[in-house]
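Please look over the chain shown here. A short report on its fold, its core and some individual residues follows.

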Amino acid sequence: MTLTLTRLIAASLITLPVAAFAADYMAADTNQDGMLSLEEVQAILPEVTTDTFMAVDADGDGLINADELAVAQTEGLMPEADS
Ligand SMILES: [Ca+2]
Ligand SMILES: [Ca+2]
């Protein structure tokens with residue numbers, strides 16, 4: 001049962017990568033490209049500095065994707081949604 005649930009979650013993540021963003025982060029993605037720019041993040045989280053953003057942007061492409069956001073939340077660099 002647990003394995004089935006894990007497979008369902010994995011399948012849904014592959015199909016809908018944007019779903020990994022919590023509601024507030026989805027709203028922040030104003031150009032709806034599935035990634036968050038520094039400007040988009042600061043629109044909802046003004047306390048996020050350029051240094052923090054660069055630390056979260058692990059691959060250095062200037063945008064935060066769902067995976068980078070998840071890691072940032074785990075490490076406490078970015079808040080969970082609705083907190
Ligand atoms: Ca965006
Ligand atoms: Ca990135």
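## Residue I44 and its surroundings

I44 counts as partly exposed, because 15 C-beta neighbours sit inside 10 Å. Its place is in helix α3. Beyond the neighbours within four places in sequence, I44 is in contact with D24 and A28. Its C-alpha atom is separated by 10.0 Å from that of D29, 15 residues apart along the chain. This is a predicted model, and the values given here are computed from it.

## Overall make-up and confidence

The protein chain has five helices and zero strands. Along the sequence the pattern reads α-α-α-α-α. The chain holds 83 residues, and 16% of them count as buried. Among contacts with a separation of 6 or more, 38% come from residues 24 or more positions apart.

The average pLDDT of the protein chain is 83. A score of at least 70 is reached by 71% of the residues. Confidence varies by element. Helix α4 has the highest mean pLDDT, 97. Helix α1 (residues 2-15) has the lowest, 59. Over residues 14-20, pLDDT stays under 50. For that stretch the model has ten contacts beyond four places in sequence. Where pLDDT is low, the predicted coordinates should not be read in detail.

## The nonpolar core

Which residues make up the largest nonpolar core? There are ten in all: Y25, A28, L36, V41, F53, V56, I64, L69, A72 and M78. Three elements give two or more residues to this core: α2 (23-28), α4 (50-56) and α5.

I64 belongs to this core. Not counting residues up to four places away in sequence, I64 touches M35, L36, V41, V56, D57 and L69. Of these contacts, L36, V41, V56 and L69 are also listed in the core.

## Helix α5

Helix α5 spans residues 66-75, and its buried residues are E68, L69 and A72. They lie on the same side of α5, because they cover an arc of only 100° around the axis. L69 and A72 are core members too.

E75 is found in helix α5 as well. Is E75 buried or exposed? E75 counts as exposed, because it has 10 C-beta neighbours inside 10 Å and the limit for an exposed residue is 12 or fewer. E75 and V56 are 19 residues apart in sequence, and their C-alpha atoms are 9.5 Å apart in space. V56 is one of the core residues. Just after α5, G76 takes a positive phi of about 80°.

## L38, L45 and Q32

L38 has its place in helix α3. With 18 C-beta neighbours inside 10 Å, L38 counts as partly exposed; 20 or more would make a residue buried. Leaving aside neighbours within four places in sequence, L38 is in contact with T50 and F53. The C-alpha atoms of L38 and F53 are 6.6 Å apart, with their positions 15 residues apart in sequence counted as the separation. F53 is among the core residues.

L45 is placed in the loop between α3 (38-44) and α4. It is partly exposed, with 16 other C-beta atoms within 10 Å. L45 and Y25 are 20 residues apart along the chain, and 9.8 Å separates their C-alpha atoms. Y25 is listed in the core.

Q32 sits in the loop between α2 and α3. Why is Q32 exposed? Q32 is exposed because 8 other C-beta atoms lie within 10 Å. Its phi is near 55°, a positive value in a residue other than glycine. Most residues other than glycine have a negative phi.

The C-alpha separations are set out together below.

| Residue pair | Separation in sequence | C-alpha distance |
|---|---|---|
| L38 and F53 | 15 residues | 6.6 Å |
| E75 and V56 | 19 residues | 9.5 Å |
| L45 and Y25 | 20 residues | 9.8 Å |
| I44 and D29 | 15 residues | 10.0 Å |

How values were computed. Residues are numbered from 1 along each chain as its sequence is written. Chains are lettered from A and ligands numbered from 1 in the order in which they are written. This is a predicted model: local features need pLDDT of at least 70, side-chain atom pairs count only at pLDDT 80 or more; totals for chains, interfaces and linings use all residues. Helices (H or I, at least four residues) and strands (E, at least two) are DSSP runs, numbered from the N terminus. The arc is that of the directions from the helix axis to the C-beta atoms. A nonpolar core is a set of buried Ala, Val, Leu, Ile, Met, Phe, Trp, Tyr and Cys residues joined through C-beta atoms within 7 Å. Two residues are in contact if their C-beta atoms, placed from the backbone, lie within 7 Å. pLDDT is the predictor's confidence in each residue, from 0 to 100.
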